[in-house]
Structures are given as structure tokens and as C-alpha cells.
Amino acid sequence: MARMSVETARTVAEDILWPDADLIDASPVVPDRYLDALAAAGLYDLPGGEEGARIIEALGGASLVTAFVWIQHHSPVRAVAAAGGELADRYLEPMRRGRVRAGIAYAALRRPGPPAAVVEPSDGGWKLSGSAPWVTGWGLIDMVLAGARHGDDMVWLLLDAVESTRMAATAVALAAMQASATVELRWSSLDVPADRVVAVERYDDWCRRDLAGRATNGYLAIGVADRAARLLSSAALADEVSAARTALDRSTPDTVVGARADASLLAVRAATAVFAAGGGRSAEAGTTAARLMREATFLLVFGQSPDIRDEQLRRLSAPS
């Protein structure tokens, strides 16, 4: 079944997403029909391991902004599946079918310093306050998995993606991926009932889990680099893509930083080659070359951590 999922993802990528990729990128928001196509193909139930990586790569290399919205969904699915009980009974199957779509709101909790979002116990649940600066897919998602700190614990909450007097969404203007409908969420003593608590775990335990999954976002960069290599019919670039893919597949906590940096910088270099090959027309708004350049540079910072950033900067500033 996993192999069929990869084949299906590649078919959707080439037949539906790639022909309209420039149109999708220029849209105010990713049109629903493309997310519906992913759901109809069963791609809202992402397998793990290398099969899942190949699916991410295929979609990322076809329409990165569509993949960017879609990829956020899978952490909530895994969280609800792990929670079990009434929460899973109610939401898991619709989420796996893409009938209920979700986003995430916890990236800022990776930053040092005071936590961006906190919770306090309240009658029948928790009160959530603070902010999440990057929440993708607003208006396209039904729910959002929010993480907030309570002392040394991380509390995971499944919220309805609906504004209220206590949850405000402010659009974020992005230099790339504007169709992703990314917002900043702010909470002001938002009441969250106990039945929407997905999990409570030690913050340090979450940090370790988070570090273990850092290869995943690198496959979006592999997808962009692979697309560029195919556009250029470059065997040399294709070989580099293959090597970078293998490095991510085989990465460990000790090697993933280098593998992520390799993937991101390869995507930038490959997209730059497409841009250069197109000559002056590449600089025109709406071109595929210009889009790939913006996508590749965006991926330098998506899912970035301080050590990945430092490694990228070290390589970018090293003498040639």
C-alpha cells in the first residue's frame, strides 16, 4: 500500500499540481480543489519512513505552496492517533481522509527565552494565552494543534480554527508562499475544555522528539532540487539530488544538521541554475524560474533551527 501511495502521489504531482503550479503560487490562497485532489488520492494519511519522504518530495517538487499547507496536517493526525480515546474516535478517521484538515501552532516554542504560549489550569480544562507567529492554511483548515507551556510541561490542545474574541488571526505577508494563508494567532485567556487536550508531556521530552524528526522538512528541498534538475536535464544535478536524498534517508541526530543544510543549499543552487538558464525572462513576474528561486530561498528558513542556520551560514560564507 505504501508503494501505491508513492505512485499515486507522483501521479497527482505531475498531472494535477505541476501543470498549475505557477497559477497556484499566484493565487491569493491555495484553491481548495488542489487540496481536495490530495484528499481524494488518500494522501492525507501519510505513511512513515522512506515512503512518506518520497511523497513529500513528489508534492514539494510539483507545487511547494500546496505541499506546505498539506504537510502541516500530519503532526495533528499523529497526535490524535497517539491520544486515542474519544478524541481519536471523533476526529481520526475524518482527518485521515482529509475531510477534517488541520494545521500547527507551536514553532515559536523552539525559541530560547520565555515561552510564546502558556496555559493555566481552569475549571473543566485550561486557559491558553500567548501567540503562535506562523500558522499556515488559515481558512483552509478546520482545526489547529497548539502547543503551550505549563511550567516544565508541554500541553497539546486541538482547537477549532475559528477566530473569536479570545483568538485573533493576523495575516502574515511573506516574500514567498503567500498563497499558504499564513497567520499569526494570538490567544487571550482562551478557554479550552479538557476533552480537547491531546497530551501532556515534559517539555524536554518533546524537544528530543522534535530533534529526531528534523529530516522531514528537508525532503521539500529535495523535491525542489529534483524539479530543477529535471527542467535542466542535468545528470550532474540529478546525481547530487540522489546523494542528498540518501544522506537525509540515512541521517542520525549527529548527521541530520549537515544533511538538512546540504538539501537546502542544493535546492538554492539548482533553482539558481534554472533562473540563469532562462535568461532575462526569468526575472519576469509569474515565471517558473522566479517561483523556484523564491521557493528554494524560503526553504532555507522553513523548519530551521539555530544549528541548521549556523551550518548553512558556515557553508555559504566559506571561501570557494
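1. Contacts lean long-range here: among those in the protein chain with a separation of 6 or more, 73% join residues 24 or more positions apart. A contact means heavy atoms within 4.5 Å. Keep in mind that this is a predicted model, where local features need pLDDT of at least 70, side-chain atom pairs count only at pLDDT 80 or more, and totals for chains, interfaces and linings use all residues. Numbering runs from 1 along each chain as its sequence is written, and side-chain values use heavy atoms, with hydrogens and water left out.

2. On overall size, the radius of gyration is 19 Å, which agrees with the value near 20 Å for a compact globule of 320 residues. That is taken over C-alpha atoms, and the globule rule is 2.2 Å times the number of residues to the power 0.38. The C-alpha trace spans about 65 × 45 × 40 Å along its principal axes.

3. As for cover, 51% of the 320 residues are buried (under 20% relative accessible area, 1.4 Å probe, protein chains only). Carbon and sulfur atoms hold 52% of an accessible surface of about 14700 Å² (Shrake-Rupley method, 1.4 Å probe).

4. The chain has 13 helices and 8 strands (DSSP runs: H or I of at least four residues for helices, E of at least two for strands, numbered from the N terminus).

5. Take α4, residues 49-60: its 12 residues reach 17 Å from first C-alpha to last, close to the expected 16 Å (1.5 Å times one less than the number of residues). Helix α4 is mostly covered, with 9 of 12 residues buried, including Arg54 and Glu57.

Terms used:
Buried < 20%, exposed > 50% of the residue type's maximum accessible area, 1.4 Å probe, protein only.
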